[in-house]
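This report describes selected features of a predicted model. It takes up cysteines, nonpolar cores, a loop glycine and a surface patch in turn.

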Amino acid sequence: MKVVIPGGSGQVGTLLARSFHADGHNVVVLSRRPAPQPWRVVAWDGRTVGGWRRDIDGADVVINLCGQSVNCRYTSGNRAAILKSRVWSTHAVGEAIATAAEPPRVWLQASTATIYAHRFDAANDEWTGRLGGDEPDAPSTWHFSIEVARAWEAAFQECDTARTRKVLMRSAMTLSPDEGGVFDTLASLVRRGLGGRAGHGRQFMSWIHEYDFMAAVRWLIVHDEVTGVVNLAAPAPITNDEFMRALRDACGARFGLPATQWMLEIGALFMRTETELILKSRRVVPGRLLAAGFTFQFPDWPAAARELCGRWVAERRPRRAA
């Protein structure tokens, strides 16, 4: 296949590009900051249709992941950049697909499981899940993420690509041992004795192992009958307290200092990020994947944590030895 990945230079995009390239597929990544890779990397600005449209024309699959990281303080400037980077890039990709002589068979569009409500009472699947934005117990600053997710999905739905199947991927955090990723951050905290519960620890954490994420993406590519919203998350979300305990066990850490909400607020201020990323209860399940018979290699967190921690340690051992 020819697989084009706009915004594919981040952690998730690199996972996909590496996997497809290893299998012999023709991979093209569109990046605002091109850098040498084993696959082709083409420059684009993430907002206007340019010469890169030639790579869309004749491609088999487009996987749009473009969007500025939300791991930052929600200043007015960052808010504008986060929103515009998603909406503008989605419209540009949609225009390139709509005007292609040979449009791709399928367009997989990134979205986020954060669009669902902050809740503890029930899990959010694609049919009965409650979208967020009006939760009485959620800080007003959290509503920004919902606004972004809704605008991002609306931009995708507005694109008229009648000859291309469209799938909206509401993804939980994708965990891999790669440097700079979410798991790398969490494992580093655990190794430093800081891997205790966050806040009261009852908030749910939804996640997906990198192998299952890549398998789900491949599954979506070949199942022509699937359109619309699909949740990409492991089927067993657990509380933050349970999540961190299993991670400590996997990493061999006997103690993890818990962090109260006020401690997290101070830490987030110094780290230039937001506490929403750790305090919001994300209880998301992959209803459509499970109903269709998709099999997860890592459905439960303890086994996934052990596998990820084993590779995380192994990949860093040669550096320490050097």
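## Cysteines

A disulfide is defined here as a pair of cysteine sulfur atoms within 2.5 Å. A search of the whole predicted structure for such pairs finds zero disulfides. C159 illustrates the result: the nearest cysteine sulfur, that of C66, is 13 Å away. Because the cut-off is 2.5 Å, C159 is in no disulfide.

Two cysteines can also be described by their accessibility. C159 is buried, having a relative accessible area of 9%. C251 is buried too, with a value of 8%.

## Nonpolar cores

The largest nonpolar core holds 32 residues, of which L16, I63, L108, M169, V217, L220 and L232 touch the most other members. Two or more residues of this core come from each of the strands β1 (2-6), β2 (26-31), β4 (61-64), β5 (106-112), β6 (165-171) and β10 (228-232), and from each of the helices α1 (11-22) and α6 (210-222). Helix α6 provides the largest share, seven residues.

L108 gives a closer view of this region. Leaving aside residues up to four places away in sequence, L108 touches V62, I63, N64, V167, M169, V217, L220 and I221. A second core, separate from the largest one, has 26 residues, including A59, A96, L168 and V229.

## The loop at G46

Which loop contains G46? The residue lies between β3 (40-43) and α2 (53-56). G46 counts as buried because its relative accessibility is 5%, and buried means under 20%.

Setting aside residues up to four places away in sequence, the contacts of G46 are R32, S85, W88 and S89. H91 is 45 residues from G46 along the chain, and the C-alpha atoms of the two residues are separated by 9.6 Å.

## Nonpolar surface patch

A nonpolar patch of about 1,100 Å² is present on the surface. Its residues are L189, L194, F255, L257, W262, M263, I266, L269, F270 and M271. Which element gives the most to this patch? Helix α8 (residues 261-271) does, with six residues.

L257, one of the patch residues, is located in the loop between α7 (240-251) and α8. With a relative accessible area of 38%, L257 is partly exposed. Patch residues must have over 30% relative accessible area, so L257 meets this requirement at 38%.

Definitions and conventions:
Residues numbered from 1 in each chain as written. Predicted model: local features only at pLDDT ≥ 70, side-chain atom pairs only at ≥ 80, totals over all residues. Heavy atoms only, no water. Buried < 20%, exposed > 50% of the residue type's maximum accessible area, 1.4 Å probe, protein only. Patch = residues over 30% accessible without salt bridge, like charges linked within 9 Å, V, L, I, M, F, W, Y side chains within 5 Å. Areas by Shrake-Rupley, 256 points an atom, 1.4 Å probe, with all protein chains shown as cover. Salt bridge = Lys/Arg side-chain N within 4 Å of Asp/Glu carboxyl O. Helix = DSSP H or I, 4+ residues; strand = E, 2+ residues; numbered from the N terminus. Core = buried A, V, L, I, M, F, W, Y, C linked by side-chain atoms within 4.5 Å. Contact = heavy atoms within 4.5 Å.
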